[in-house]
Amino acid sequence: MNLAFSEEELAIRDEFRRVLTSSSARAGLVAIQAQQLSCDLPLWQRLAQTGWLGAGVAEEHGGSALGNAVLCLAAEEIGRQSPAIPYVASVCGFAVALALADAPRAQAQWLPRIADGSVLGLVLMAQDWSAPPLLSGIDSADDSCTLSGATRLLRDGASASVALTLIGEAERAALLLLPLPAGERIGAIDKTLDLLHPPAAFRFDAAPAEVLATGDAAIRLWERVLDRYALFTAFEQLGGAQAALEMARDYSLTRYAFGRAIGSFQALKHSMADMLAAIELARSNCYFGAAALDDDEAQLPEAAAVARIAATDAFRLCAKQNMQIHGGIGVTWESDAHLAYRRAQSLATALGTPGFWKERLVRLLIAHRGSAARAA
Amino acid sequence: MNLHDTPEQAAFRERARDFIREHAPWDQVQQARRLRFAGKPFADEADWIALSRRWQQIKHAHGWACLVWPRECGGQGLSPIENVIFQQEEQDFVELNGPFMISQGFIAPTLMSFASEAQQREFLPAIARGDTVWCQMFSEPGAGSDLAGVRTRAERVAGGWTLKGQKVWTSGAHYAAWGMALVRTDADVVKHKGLTMVFMKMDSPGITVRPIEELSGHAHFNEVFLDEVFVPDAQVLGGVNQGWSVALTTLMNERMTIGASTPMGIEEIFELAMQPDADGRRPIDSESVRMKLAEWHTKDCGIRYGVQRMLTAIAAGASPGPEASVGKLVGANATQEIAAFGLDLLGNRALAQADGDDAAYCFHWMFHFGALHRVEGGTDEIMRNVLAERVLGLPAEHRADKGPFRDVPTAPPAA
């Protein structure tokens, strides 16, 4: 077993880091709040020009296909730098999902536009619909159908223009590619939970959609999509947790009280040691997941759930303790601490709540024990 | 990244499996499994030690003992990864390594770093065979977490030293043939600088060993009284007043061994949660139980994969860092939580261990062990200090013991 990224993968990550540092969470907030943009579009365009939006897209569709390991590291880097862009949703989540499907026409139509940045994609879970949407019959000539229904508010909805989603159950299940109409944004920025990922809701009235798979095939594909996206999200959370811990540590070394750096007080040291322990658990689980993704897909469902649960815990703990260690300044609008605090919360429920992933894990473990018992 | 054995590792695993299938004490496997969480399924401790020693000797005779040690020390000169593969295959019997964990895991690496060539040839092969057990006399009534505060005095005499003092929490002192002790040779310098590591036969004149009854009612640890015990100069390890760096070597190996090898209790709680109660309801069908199981399983995976990350780093030439403390810190706390949760599930059944009630037996032990495990081998608080200072680079505590050791404040005498 080898649970380390290669030198080459880390070097690519370092390149990505350099491009991302041309912006910041604060600059993204200005773009969204003052310039009324849906995300940090200048950064998004730079990433398009430098090829980073095609990291999960095959070369035949205009991407660079950097591989799963690099996508994991890219998601972690997004977590660390926290730019106001839906990178993990669109480049890791949506593009990788669409690439898994046996849908050459849809791939040829949409993946080049993901890679050039003109389209931003989302993956919608059942929790994202306010009621199960209604589907027309499928036109077997071009696998098209129409859909009517409404979504709840979607993280990154404000910037998205296409989505992938699973509708229906069992033999009536259908994996759909769904172009999004203009979304309804909620008014003021200070009313949104995660300032850097503005949400929007969508309404569909007999809107056109493309069916990528149906029945069992759709469900199997969907499971693979969820595992991958969960793992990428876990890496994003891991990066966010690490950045929050480093922010807390750096501040505690420069802030003095009672004549000494506050980082020398055991109360704060132990708080940061617990943050580190949570991060170490999450990191080990994320790395195992990355290895399973490339090396043994049979182990991926459990590994992805475990990584997601651990990373959610780590980011939430680190974000709130970072704020606490910053004291008064940490709870001001001016501090970046609340940007991480808000993001840790919005990521915890994006793509399934913590309860969803814990339930999914326990079901897998019970099934696993059942099959082990039958084999014995 | 990958999850699989290399062809060489797979072949090694196959050979390990064959050996264990053929030679392990399968007639005692139930007893061996019940040793998890320091249970005591053997009527007599001597039976446990005898069985453990027999298995150790069989492993040694077939070339499966102390795999990572150099051959001249009684080992096989293999890598840490092969060692882990063997441990995975030895899982059912791994608790039979208990009597040798301190000798082989903590003491032997210290001897390899600090003992003379002749001493290594004399002692290490016997430790590898399980013939000789050593104990580690570090803690004292006034020096546990503050280990460098030990007060056992070593006075210079012709040809060596005379020790006077008391040690405590010494595992296995009652069956160990040799012991290693951290003692004070100079009280006029700063406390870390006046310490020396020595070793001695445990039947030396002046040594008295008394068991400490733990909260479980059993006695694994001891008090050791040293009353004018003579130690020859040749039995000083690492030089006079150099004992602190010797102790740090031992402690680092202790944390790695403990962190990497201790079960958390996840299998036990999962099994209990799957058992229907008197009304036919299974705890695992309740959402609150399922959420807890998922959380503990996640921690258990994090600790196990953390060991794999450490092995990957070692294989690439790195030395294990203080991050190894995470496993023990998280694992011990989770074990204590799992034990309480298991006892909750058992309800009134937990109030006493009925004959043959394996679940009550197991969770009682875990309940005691969880408390003890958060203290032994570095308390939670010490582990957090290690992580904060050595990994995060945070400043050390302000302290009141920086002058000569004899001036360090102590508790005022009781009124």
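A polar contact here is a pair of N or O atoms within 3.5 Å, where, within protein, one must be able to donate a hydrogen and the other to accept it. With that rule, 19 residue pairs are in polar contact between chain A and chain B of this predicted model, counting pairs with both residues at pLDDT 80 or more. Six salt bridges also turn up between the two chains. In one salt bridge, the side chain of B:Arg384 meets that of A:Asp274, at 2.7 Å from N to O.

On the chain A side, helices H7 (215-254), H8 (266-295), H9 (300-326) and H11 (354-375) each put in at least two residues. H8(A) gives the most, with 19 residues. By class, this side of chain A splits into 24 nonpolar, ten polar and 13 charged residues. Overall, 47 residues of chain A touch 44 residues of chain B, and about 4400 Å² is buried between the chains, with carbon and sulfur atoms giving 67% of that area.

Now for the inside of chain B. The domain assignment splits chain B into domain 1 (7-132), domain 2 (136-243) and domain 3 (262-391). Contact between domains 1 and 2 of chain B takes 15 residues from domain 1 and 13 from domain 2, and the C-alpha centres of these two domains sit 26 Å apart. About 1200 Å² is buried between them, 71% of it from carbon and sulfur atoms. The rule finds zero salt bridges across this interface, and two residue pairs are in polar contact. Helices H3 (45-61), H5 (101-114) and H6 (117-129) of chain B each give two or more residues to the domain 1 side, with H5(B) supplying the largest share, six residues. That side has ten nonpolar, three polar and two charged residues.

Methods. Residues numbered from 1 in each chain as written. Chains lettered and ligands numbered in written order. Predicted model: local features only at pLDDT ≥ 70, side-chain atom pairs only at ≥ 80, totals over all residues. Heavy atoms only, no water. Domains from an automatic or database assignment. Contact = heavy atoms within 4.5 Å. Buried area = accessible area lost by both parts, 1.4 Å probe. Salt bridge = Lys/Arg side-chain N within 4 Å of Asp/Glu carboxyl O. Polar contact = N/O pair within 3.5 Å; in protein donor to acceptor, adjacent residues only side chain to side chain. Helix = DSSP H or I, 4+ residues; strand = E, 2+ residues; numbered from the N terminus. Nonpolar A, V, L, I, M, F, W, Y, C, P; charged D, E, K, R; others polar.
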